[in-house]
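Biologist: Please take one part of this model and go through it closely, in plain terms. I would like to see how the pieces there fit together.

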Amino acid sequence: MSIIYILIPIAILFVIIAIGVFFWAVKSEQFSDLNKQGHSILFEDDKEQHNKSNDRDKSI
Amino acid sequence: MTTSCFHCLEPVPPGFSAHVKFEGQPQPVCCTGCQAVAETILAQGMSDYYKFRTDSAGKVEELVPEQLKELLSYDNAEIQQDFVSQQGELQEVLLSVEGISCAACAWLIEKQLLGLKGVARVDVNTSTHRAMILWHPQQYKLSEIIKSLHQIGYKAYPFQADDEAAQKQTVAKAYLRRLGVAGLMTMQVMMFAFAMYFGMFSGMEDNFEQYFRWISLFLASPVILYSAMPFLTNAIKGLKAKQLNMDLPVSLAIFGAYAASCYATVMSVGEVYFESICMFTFLLLLGKYLEFRARLKASEFTANLQKLLPLTARKLLPNGEQKIVAAKSLQLSDQIMIKPGETIPADGVLISGSTTVDESMMTGEHLPVKKYQTHQVYAGTINHDGVITIEINKVGQNTLLNQIIKLQHNALTKRPKIVEVTDKVAQWFVACLLIFASITAVAWYQIDPPHAFWVTISVLVATCPCALSLAIPTALTCAVATLTRKGILIKESHVLETVPKLTRMAFDKTGTLTEGRFSIESISILDKSWQESDVMALAVALERYSEHPIAKAFTEQLVSPRQLSDVEVVTGSGVKALFNQQPVAIGKSAWFGNHSSFAQATLFVDGQPVADFYLADKVRHSAPEIIHYAQGQGLSCHLLSGDSSNAVKDLALELGLDTYKNACSPQDKQRQVESWSAQQHIVGMVGDGVNDSPVFNSAHLSIAMETGADISKNTADVVLLNSDLKSLQTLHQVAKKTKTVIKQNLTLSLCYNGSILPLAAMGLVPPWVAVIGMSASSILVITNSLRLLKL
C-alpha cells in the first residue's frame, strides 16, 4: 500500500500540468469563441492552410 | 414559385437570371453582387463554405467608387494611428466585420486573407463579429485587405476597442482560470474525501488518513487562496463601504472552514471539510461566471457604437482645396464637405447646399429630414442626396451623439430600487447569521471552551447560506440562458424580477408596433380616364430612380413597370421623366401648381395630378396579439409616439390601446413615464430609436428592438434579437416562472437553514451531517432552477 505515497504525488503532478495547459489555452483565447472552434474540424484543407501560414510566419 | 439566391438565400427577383456553377450544377443568384462573390468563393476552392454554413450570407452590394476612395484613406498613417498597432515589423488591426453569421464565415474570411501575401495571422471571432489581422505593411495595404474581404461579401471597418471592453475580456479570462483551477482541484479533493468516507466506516490506518488529509490540504489550498479570493476581496470591499453583503458569510464559511481544516490537519484533531469548501467555491464561481458571460455577450453585441462615426472627413482648406483628414483631428469652425450617402462626422451648421438627412438613428423616425442653410446637422446621421458643406460647431464630447452616450452612462449608475432592496434583505440575513454565530461561540465558550470553535464552525458550515446564495443566481442564470436561446437578450439582472411586477406598458410607434417600412395603403384616382393598374405601373417605373424611403414602398410592388426616357431626379420634389413623349412625374402633391392633399405622393401627367398615393407604415403582425395578451394579464397599454400625424390615433384605435399621445419629444416621453412612476405604476417601455433612450432610463424596464439604433440597444435592459413582439409574451411567462422558482428556492433553503441552525448551535450536528446537509440543499436548489432551462 505504501506505493500510494509515490503514486499520488505523480497524479498531482499530472493535475498541475493539466492546469498549466488550461491556463495556456485561456491565454491564447481558445475559449473566446467556442462556436468557431467547434466547426473548424469540418473544413478539409484547414491544416494545409495553417502550415502555409506558419511557413509564412517563419519566412517573415 | 420563387427561387432563392444561392448565396444570400433571398428570393431572386422576377426577370433576373444569372447563375454560378456549384459542383457541376448551375445555381441561381439574385444580383450581380452575389454572383461576383459566389464566383470568387468557388473559384478559390472555398466551396466548403456553402456545404457547412449554418446561416445564410447577407445580400451583397457592390462598392461604389466613392467608398473605394474612402477605403484608401485607411492607408493614411495619420488616420491609422488610432486603430493600428505595431508588432515588430508587422502591424495589427482589429476590424469590425459586417455579415459574419456562422462559423463557416470565419473560416472563409481566414482562408481568403491567409491567401494574401503578407498576411501573417487572422483571428475571426464569430460572437463579437470582429477580426484581428496581423500583416506586413510593406507587402499589403490595409485598404487592399478590406477590399479583398469585400470580394467575398463582407463589409469591414477598423474598430477601436474601448478600455471597458478590453477590461471585461481580462475579467472573463480571470474567471475562466479560477474556474479551471477550482474544477480540476475539486475533482481531486473529492476523490480523497471519498477514500476518507470509506475509511470512516471500514477503518483506516491513522498514518494513511493523515496522509490523505495533507494531500487534501495541498490540493484545496489553490482553490481557496486563488479561486475563492474574489469572495474575500468583495466581502472586505463591502465592509470598507460599511455594508454586509452575501460574500461576507460565504467567505467567513469558506475561509473559516479552511482555517479550521488546516488546524485539524496540522494538529490531527477534529474534522476536515476540504471537499465541501472546494465544491462550494466551484459551484458559486460557476454561477457567477455564467451570469457574467450572459452580460458580456449582451454588451459585445451592442458595443460597435464607434462604427456610427466615420474615421475620416473631407476638410476644405482656405485655398479651396480638399484634404482627407482624420475625423478626430477636426477643430471648431473647420469646414468639411459631405457627399451623398456619407455619414456626417461632426456636429455642424450647414453653410452651403441643401439635402435631406436620415436622422433615424437619433430620432427613431424613418422619414428623412430636410436641411437647408443655417440648419444644424448631427454627427452620425447620414446625408441622403445633396453635396453639402458644414462648419463644425461641436466636436468630441460635445456632439449630440456623445451626449446621449453620456446620459446613458449616468443613468447606468443609478439603477431602479429593486436591486437595492434585494441587497438590503441580504444584509439583514447576513447580519442575523453573524450575530447568531457569535452568540453560539460565546455561549459555548462559557459552557465548553474546547468545543466552542468547532461548534461555531459547524454552525457556519451548516447554515452556510450557500443554498440561499445559489437560490437567486442559478434561477436567474437558467432563465437568462433560456431567453437568450429564444432571441431575448437580458442585459440587466433586475429584469426578471421587474417583469412580473409591471402594471403599465408603453410602446413607441414607428419601428416598434409598426415595421418602420412604408407600404401603399390606398390610391385615389383624380383623373377618371386612368386605370389603377396603369397608374401603379407608371408610379413604380418612376420611383425606381429615387433613393427616398417612400420610393421603397413602390418598388416592392409586383407590377411590370413602363419604359421611361429622360429621367431626372429633382431633389426635394420627386422624379420626372418622359413616357410615350408625354411628361410624367411623381412627387409631393404641391409640386406643380396648387394641388394640395394629405397624400405622401402624387402622380402627374402633363403637369396635372392624376392620382394620390396614401402611404402607411405596416403594423407588425404580432402587435395585436401581444397587446391582447398584456391586457389579459392586467397590464394597461399605452402609445407614446414622436409622430405628429393622425396615424398615431388610428393605430391606437386599431390595436385597442388604453391611451395614446402623439408628437412626443424624448423629454415628453420621459416626463410621461416619470409621472406614471410617481403614481406607483411599474412601467415598461418598448422602443427602438435613439429618441427612446432617455425614456428607457426613466422606465423601470426598457425593451429595445434589434432593428433599432445601437444607442437604444445599449441603454435598454432587454433587446429582442428577432424583433418579434411575441417575445414579450415569452419574456413575461419565463419571468413569472422564474419568480415562482426563486420563491421555492428561498423557501427550501430557509427551511433547511432554519431547522439546522438550532441543532448545530446545540452541538447536535456532527460535521459530516452538516456537510451532507449543505450539499444536499445546494443540489436541490440547483436542480429546481434547472427546470427553467426546459421552458
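**Strand E10 of chain B and its surroundings**

Modeller: In this predicted model, strand E10(B) pairs with strand E16 of chain B, residues 388-394, in the antiparallel sense, and four bridges join the two. One facing position in this pairing is Met337(B), which stands opposite Thr389(B) in E16(B).

E10(B) also pairs with E8(B), again in the antiparallel sense, over two bridges. Here Ile336(B) in E10(B) stands opposite Lys315(B).

Lys315(B) has a further contact, through its side chain. It forms a salt bridge with the side chain of Asp334(B), at 3.6 Å from N to O. Lys315(B) belongs to strand E8, residues 312-316, while Asp334(B) sits in the loop between strand E9 (322-326) and strand E10 (335-338) of chain B, so the salt bridge ties together parts that are 19 residues apart in sequence. The two partners differ in exposure: the relative accessible area of Lys315(B) is 23%, so this residue counts as partly exposed. Asp334(B) has 12%, and therefore counts as buried, because the cut-off for buried is under 20%.

The salt bridge just described belongs to a set: over all chains, a search of the whole structure finds six. Two others help to place it.

One of them joins Lys669(B) and Asp508(B), whose side chains meet at 3.0 Å from N to O. This pair links distant parts of the chain, 161 residues apart: Lys669(B) is in helix H23 (residues 666-678), and Asp508(B) is in the loop between strand E18 (504-507) and helix H18 (509-513) of chain B. Both Lys669(B) and Asp508(B) are buried.

Another is formed by the side chains of Arg213(B) and Glu209(B), at 4.0 Å from N to O. These two residues lie in helix H8 (residues 206-227) of chain B, and because they are four residues apart there, about one helical turn separates them. Arg213(B) has a relative accessible area of 7%, so it is buried. Glu209(B), with 28%, is partly exposed.

To return to the strands: E10(B) is paired with E16(B) over four bridges and with E8(B) over two. The salt bridge from Lys315(B) to Asp334(B) adds a side-chain contact between strand E8 and the loop between strands E9 and E10.

Note on methods. Residues numbered from 1 in each chain as written. Chains lettered and ligands numbered in written order. Predicted model: local features only at pLDDT ≥ 70, side-chain atom pairs only at ≥ 80, totals over all residues. Heavy atoms only, no water. Buried < 20%, exposed > 50% of the residue type's maximum accessible area, 1.4 Å probe, protein only. Pairing = 2+ DSSP bridges.
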